[in-house]
Amino acid sequence: MEITFYLSAAIAIAATLMVITVSNATHALLYLIVSLLAVAIVFFVLGAPFAAALEIIIYAGAIMVLFVFVMMMLNLGKAAAAREQGWLNPGIWTGPGVLAALLLAELAYIFAQGGDTPWGTAAVTAKEVGIALFGPYLLGVELASLLLLAGLVGACHLGWNQAGIETGHEEERGHENG
Amino acid sequence: MRTVEAIAAIPMHHGLVLAAILFALGMIGILARRNLVFILMSIEIMLNAAGLAFVVAGARWEQADGQVMLIFILAVAAAEVSVGLALLLLLYRRFQTLDADAVSKMRG
């Protein structure tokens with residue numbers, strides 16, 4: 001069963017190498033998502049299923065979607081339509097696709113072996129994590145909520161200024177067209 | 001004891017070596033790339049590697065603390081990336097580029 005750990009570790013390293021060497025930002029994002037999925041499988045194999053679920057939901061789900069949104073906002077140029085055609089080229093998504101297929105095969109292998117606790121090691125369940133989180137680490141939870149609030153206010157403030165600039169441009173364009 | 005089986009299956013230092021490699025790759029990305037999107041992605045990789053080290057240590061002693069620290073790291077990463085991407089958008093509107101060296105010409 002150790003093969004699952006080493007295979008997903010190799011996939012994580014290979015995908016991360018591609019992230020820092022590939023030139024197109026969107027391709028790098030695809031490889032980064034694959035790398036995070038591989039790390040999630042490593043978490044699962046190490047007996048931390050709750051951490052694996054969080055890694056997929058928050059990292060590969062929410063944070064990467066934020067990256068994709070920003071990338072799409074930056075791509076609003078004349079070349080965007082031509083680039084959209086380029087996405088359909090199979091050469092772009094074969095690399096991440098093959099790595100993700102390997103991870104899927106690995107997951108199928110884990111569940112075929114019998115599922116929950118990979119090698120009979122006691123998994124640290126979500127219940128224990130929750131008890132620890134809201135017991136001794138309650139102050140940390142409060143601080144994290146404060147940090148997230150600060151991040152929310154900061155991003156809102158920065159986005160507010162940028163929205164003002166953009167609407168100014170839009171009005172100018174509207175006047176020129178009219 | 002179950003912990004002994006876990007050690008026999010996978011030594012802890014293999015997980016830590018994986019975390020160290022991922023961290024080093026993220027650091028190389030920060031040092032080598034000049035595009036701000038890649039720099040933010042490299043920061044994500046490094047935070048993720050730190051969380052991996054915490055989870056490996058937590059799995060070694062079968063305590064929940066490692067995963068608790070991973071949750072805190074996730075919160076930090078979410079706050080950091082939201083502010084960082086907002087700054088990146090602002091920078092792109094102002095300089096029309098994502099080159100980190102363009103910002104070095106700022107005065108005041």
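## Cavities and a surface patch in a predicted model

In this structure there are 2 cavities of 30 Å³ or more, and the coordinates in which they are found belong to a predicted model. The second largest cavity has a volume of about 40 Å³, and its lining draws on both chain A and chain B, with A:T16, A:L32, A:S35 and A:L36 on one side of the list and B:L22, B:I45, B:N48 and B:A49 on the other. Two or more residues of this lining come from each of two elements, namely α2 (25-45) of chain A and α3 (36-61) of chain B.

The character of the residues that line the second largest cavity is set out below.

| Class of lining residue | Number of residues |
|---|---|
| Nonpolar | 5 residues |
| Polar | 3 residues |
| Charged | no residues |

Chain B, which contributes B:L22, B:I45, B:N48 and B:A49 to that lining, has a secondary structure of 4 helices and 0 strands, and its pattern, followed along the sequence, reads α-α-α-α. Chain B has 108 residues, of which 49% count as buried.

On the surface of chain A, the residues A:L139, A:L143, A:L146, A:L149, A:L152 and A:V153 make a nonpolar patch of about 640 Å². One of these residues, A:L143, lies in helix α7 of chain A, which covers residues 138-177. Is A:L143 buried or exposed? With a relative accessible area of 52%, A:L143 is exposed, because the term applies to residues over 50%.

Technical notes. Residues are numbered from 1 along each chain as its sequence is written. Chains are lettered from A and ligands numbered from 1 in the order in which they are written. This is a predicted model: local features need pLDDT of at least 70, side-chain atom pairs count only at pLDDT 80 or more; totals for chains, interfaces and linings use all residues. Side-chain values use heavy atoms; hydrogens and water are left out. Patches are made of residues with over 30% relative accessible area and no salt bridge: like charges are joined within 9 Å, nonpolar side chains (Val, Leu, Ile, Met, Phe, Trp, Tyr) within 5 Å. Accessible areas come from the Shrake-Rupley method with a 1.4 Å probe; for residues, only the protein chains shown count as cover. A salt bridge is a side-chain nitrogen of Lys or Arg within 4 Å of a carboxyl oxygen of Asp or Glu. Buried means under 20% relative accessible area, exposed over 50%, partly exposed in between (1.4 Å probe, protein chains only). On a 1 Å grid over the protein atoms alone, a cavity is a set of points where a 1.4 Å probe fits but cannot get out, and a pocket is an open set with protein on both sides within 12 Å along at least five of seven lines; lining residues have an atom within 4 Å of a point. Grid points are joined across faces, edges and corners, and a volume is the space filled by probe spheres set on the points. Ala, Val, Leu, Ile, Met, Phe, Trp, Tyr, Cys and Pro count as nonpolar, Asp, Glu, Lys and Arg as charged, and the others, Gly among them, as polar.
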